[in-house]
Amino acid sequence: MEELDQNMRIMRLFRRCHAIIHSKMCGGKSSQSEILRTLHRNGPQTQKELLEKMNIRQATLSETLSKMEENGLIIKSRPENDRRVTVIDLSDKGTELTLACREKHHRQRDALLECFTDEEKQTLEKLLSKWYEHMNESEGKTCS
């Protein structure tokens, strides 16, 4: 019974930490942030390519891209050889925002982990890696 209670406490703490990390690291509109990061990392993408890389619906992507274009973050274009395709690229403003967000992300990451010593970080990394591997190994197995 004590082990179950401990497991519950661990999972509750993990969920709470995850919520805080998500809030601090993914602040703002997460779909827009993900699009900006994807374009910065991969260069111009068709709308179809973006959709394949993201876990959102077509309607959500179209609406988000329209808002981003209105705000000057992206540029939409149609290639001369295929006018049916829409290519999305970062504008200068979108690039600047992406770089600023990445710097902020790095500062927030460091601030979230500053409470740990180097030794504690190594231990935490080992424990999380072990847990991750366990979850990957047990993926697809059903509960009995």
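The legends below describe several close-up views of one predicted model.

In this predicted model, local features need a pLDDT of at least 70 and side-chain atom pairs count only at pLDDT 80 or more, while totals for chains, interfaces and linings use all residues. Residues are numbered from 1 along each chain as its sequence is written, and side-chain values use heavy atoms, with hydrogens and water left out.

**View 1. Three strands form an open antiparallel sheet.**
The strands stand in the order S1-S3-S2, and the edge strands, each pairing on one side only, are S1 (45-46) and S2 (74-77). Strands here are DSSP runs of E with at least two residues, helices are DSSP runs of H or I with at least four residues, and both are numbered from the N terminus. Two strands are said to pair if DSSP finds at least two bridges between them. In general, strands of a sheet pair through backbone hydrogen bonds, either parallel or antiparallel.

**View 2. Bridges join strand S3 to S1 and to S2.**
S1 and strand S3 (residues 87-90) pair in the antiparallel sense over two bridges. Threonine 46 stands opposite valine 87 in S3, and glutamine 45 has isoleucine 88 of S3 as its bridge partner. S2 and S3, which also run antiparallel, are joined by four bridges, and here isoleucine 75 has aspartate 89 in S3 as its bridge partner.

**View 3. Helices H2 and H4 lie across strands of the sheet.**
Helix H2 (residues 30-42) lies across S1, S2 and S3 and runs at about 90° to S3, whereas helix H4 (residues 58-70) lies across S2 and S3 and runs at about 110° to S2. For these angles, the axes are lines fitted to C-alpha atoms, for helices over the stretch in contact, and the angles run from 0 to 180 degrees between N-to-C directions.

**View 4. Threonine 64 is a buried residue in helix H4.**
Is threonine 64 buried or exposed? Threonine 64 counts as buried because its relative accessibility is 10%, where buried means under 20% relative accessible area, exposed means over 50%, and partly exposed lies in between (1.4 Å probe, protein chains only). When its neighbours within four places in sequence are left aside, threonine 64 is in contact with Ser31, Gln32 and Ile35, contact meaning heavy atoms within 4.5 Å.

**View 5. Glutamate 63 and lysine 67 form a salt bridge within helix H4.**
A salt bridge is a side-chain nitrogen of Lys or Arg within 4 Å of a carboxyl oxygen of Asp or Glu, and by this rule the count comes to six salt bridges. In the pair shown here, the closest N and O atoms of glutamate 63 and lysine 67 are 3.1 Å apart. Both residues lie in helix H4, four residues apart, which is about one turn of the helix. Glutamate 63 counts as partly exposed, at 47% relative accessibility, and lysine 67 is also partly exposed, with a relative accessible area of 39%.

**View 6. Two further salt bridges involve glutamate 69 and glutamate 80.**
Lysine 76 forms a salt bridge with glutamate 69, and their closest N and O atoms are 3.8 Å apart. Lysine 76 is partly exposed, with a relative accessible area of 27%, as is glutamate 69, with 36%. The side chains of glutamate 80 and arginine 83 meet in a salt bridge at 3.7 Å, N to O. Glutamate 80 is exposed because its relative accessible area is 71%, while arginine 83 counts as partly exposed at 47% relative accessibility.

**View 7. A nonpolar patch on the surface draws on helix H1.**
Which residues form the nonpolar patch? Ile10, Met11, Phe14 and Leu128 form this patch, with about 330 Å² of accessible area together. Patches are made of residues with over 30% relative accessible area and no salt bridge, like charges being joined within 9 Å and nonpolar side chains (Val, Leu, Ile, Met, Phe, Trp, Tyr) within 5 Å. Accessible areas come from the Shrake-Rupley method with a 1.4 Å probe, and for residues only the protein chains shown count as cover. The largest share of the patch, three residues, comes from helix H1 (residues 2-25). Phenylalanine 14 lies in helix H1 and counts as partly exposed, at 37% relative accessibility.
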